[in-house]
Amino acid sequence: MSHPEHHRGRWRPRLDRPALVALLFGLAGVVYRLVLTLFTVPVSNSDEATFGLAALHIGQGREHPVFLYGQHYMGMLESYLAAPLVAVAGPSWPVLRLPMLALYAIFLYLIHRLTRRLGTPWFAAFVVGLLALGPERVVRDQLTVVGGRPEVKPAVLLMLLITVGLAAGTVHRRRLAVGLFGLLVGLAVWSDWLILPYLAVAGLALVWAVRRELLGWSGLLLAAGVVVGVAPMIVDNLRAGPGEDSLSVFREVSTKAGPQPPWSDRIRGGLLEGVPLAHGLCPVDGCGRWQQWFGVLYPVLLLAGAALAVLAYRRAVGAPHGERVGRGAGALRGERVGPVVQLALIAGAALTLLSYVRSPLAATSPLDNARYLSVLQLSLPAVLWPLWVAALTAWRGTSSVLGRLTGALSAAVLAALTVTTLVITVLFAATGTAASRTEERQARELAAALRADGPHEVYGDYWTCNRLIFNTDESVVCGVLDGDLSPGQNRYRPYWRQVGRAERPGYVVEIDSPMDRRLRRLLADRADTAPAREVGGYRVYHPDTPVRPWR
């Protein structure tokens, strides 16, 4: 906690020891991610490049997209945050990712503030220390510009801190605070719908804290804030054609035809793979059996955290009448808001996990889709709080033999969680970045070669095209083809049309890929007129006459 210190007439904040430790942990986490950002680790891809190209267009005033190019449900807030930097410095991956690094730093600060209000100073420092670590799966969700999660997590934490401050009476401009809460809700809804469970429970906590005030101007400001935040999505949906509104598109993406995996497989994929991956306990290629223990324990911790919060709330409600009268209603509400927010965090995690395991992807592709559980980091203070309380009680020697045994086991779990996350992080930092750096070097070599010598209008696969366009600052334009050389997922249609008008387009394919083999067969009878060169793991063809079999 910060304490004011007067020194020669100037006011300076002084950090207590837990806050200082948390600050050091946080700085270490930010510096570690800054180094990764400068080296473009984790590796970039065409999804991220699409956000980067949108930021480039926004900075140049050419486009003002509401949703990611080619879809109608992923908001573009991250592109708008990066647009000023890209406009000044030009397109590059570190420049594009710097706002995500800032959002991560804000996330650490806000979760430290909230955890201190809900728990103890040393527990808050411990939580920051855990979140400062990060193997590939964790830092990928925090640093890459792929929409939603980096910005909605700080938004939820700020909403909950506003709720705590309103209940405790420490917020003076109460109506403005409620309006800010609404604005954050609207921005989060526009940005990423995966955060809806947390928005729902945060809204219920706000209603509990200021339910009477919401009947007046505060309620109107809350609604106005929501409308302003979500206004881009509302306007876009009013203009959308039938079946192109956000809800219809999201429903189509979320519900795939075919047999549904059994619940047991989805729960196994969600708990044993998704939860450990989201918390940094496993490498990106999957969890070993010894790393799946946290997924098994997670539902137990949710129940224990909910039980502790209910007991704390009932203890505050059941205070002696004279004590309640002496402290006043505001002070009592301030004591009860902590358990209410803890329950909100527990409920948000449970609803998010339930929503995830309802999807067949939890069973069929748990490694690729564990990113959807990264928002569970919001609930880490409430989930680990029962372990901390049990361990601390046993350490102080104020419990029975059973309580000391439980405390020892709890301390062992916290130690195992810390050591496992630290080991996986060190392994990633020491040995897991080489592949990313090699792939980035090859992508840069390809971009430099085409930018210098052409061709400047090319066809390629999805994971090549938009990254190539971003790396060349649009001096090379690429149209997306599938492996059978049919038109693929062209998110930004002007690129496809420009390549389609080219008199002599090139073809950029990974060496010996299905697209490469298919193209070589088509060009077999005119090999002399279709020169090819190899650059950075890619083969570049530039035939004298276009090869467009879909026509």
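## Overall architecture

The chain of this predicted model contains 22 helices and 7 strands. Its radius of gyration is 26 Å, close to the 24 Å that the globule rule gives for 551 residues, so the chain is as compact as a globular protein of that length. Taken along the principal axes, the C-alpha atoms fill a box of roughly 95 × 65 × 50 Å.

Of the contacts between residues at least 6 apart in sequence, 72% join residues at least 24 apart. Buried residues account for 51% of the 551 residues.

## Surface and charge

The accessible surface of the chain amounts to about 25,100 Å², and carbon and sulfur atoms contribute 62% of that area. The chain carries 55 positive and 39 negative charges, and the mean positions of these two sets lie 13 Å apart.

## Nonpolar cores

In soluble globular proteins, nonpolar side chains tend to be buried together. Here the largest nonpolar core has 88 residues, and the members touching the most others are Leu-114, Met-159, Ile-195, Tyr-198, Tyr-298 and Leu-384. Helix H7 gives the most to this core, with 11 residues. A second, separate core comprises 52 residues, among them Val-476, Cys-478, Val-480 and Tyr-495.

Leu-114 illustrates the packing of the largest core. Beyond its neighbours within four places in sequence, Leu-114 is in contact with Leu-157, Leu-160, Leu-161, Val-164, Val-341 and Leu-345. Helix H7 spans residues 149-168, and the contacts of Leu-114 include Leu-157, Leu-160, Leu-161 and Val-164.

## Helices H6 and H7

Helix H6 covers residues 136-143, and 8 of its 8 residues are buried, so this helix is largely enclosed by the rest of the structure. The buried residues of H6 include the charged residues Glu-136, Arg-137, Arg-140 and Asp-141. Val-138, Val-139, Gln-142 and Leu-143 of H6 are buried as well.

Thr-163 belongs to helix H7. Its relative accessibility is 0%, and Thr-163 therefore counts as buried, the cut-off being under 20%. Leaving aside neighbours within four places in sequence, Thr-163 is in contact with Phe-181, Ala-202, Ala-205, Leu-206, Ala-209 and Val-337.

## Val-226 in helix H10

Val-226 lies in helix H10, which runs over residues 217-239. With a relative accessible area of 27%, Val-226 is partly exposed, a class that lies between the limits of 20% and 50%.

Outside the four places in sequence on either side, Val-226 is in contact with Gly-182, Leu-183, Val-185 and Gly-186. The C-alpha atoms of Val-226 and Phe-181 are separated by 8.1 Å, although these residues are 45 apart along the chain. Phe-181 is also one of the contacts of Thr-163.

## Gly-407 in helix H18

Gly-407 is placed in helix H18, residues 401-431. Its relative accessibility is 2%, so Gly-407 counts as buried.

When neighbours within four places in sequence are set aside, Gly-407 is in contact with three alanines: Ala-390, Ala-391 and Ala-394. The C-alpha atoms of Gly-407 and Ala-390 are separated by 4.5 Å, while the two residues are 17 apart along the chain.

How values were computed:
Residues are numbered from 1 along each chain as its sequence is written. This is a predicted model: local features need pLDDT of at least 70, side-chain atom pairs count only at pLDDT 80 or more; totals for chains, interfaces and linings use all residues. Side-chain values use heavy atoms; hydrogens and water are left out. Helices (H or I, at least four residues) and strands (E, at least two) are DSSP runs, numbered from the N terminus. Buried means under 20% relative accessible area, exposed over 50%, partly exposed in between (1.4 Å probe, protein chains only). Contact means heavy atoms within 4.5 Å. The radius of gyration is taken over C-alpha atoms; the globule rule is 2.2 Å times the number of residues to the power 0.38. Accessible areas come from the Shrake-Rupley method with a 1.4 Å probe; for residues, only the protein chains shown count as cover. The place of a charge is taken as NZ of Lys, CZ of Arg, CG of Asp or CD of Glu. A nonpolar core is a set of buried Ala, Val, Leu, Ile, Met, Phe, Trp, Tyr and Cys residues joined through side-chain atoms within 4.5 Å.
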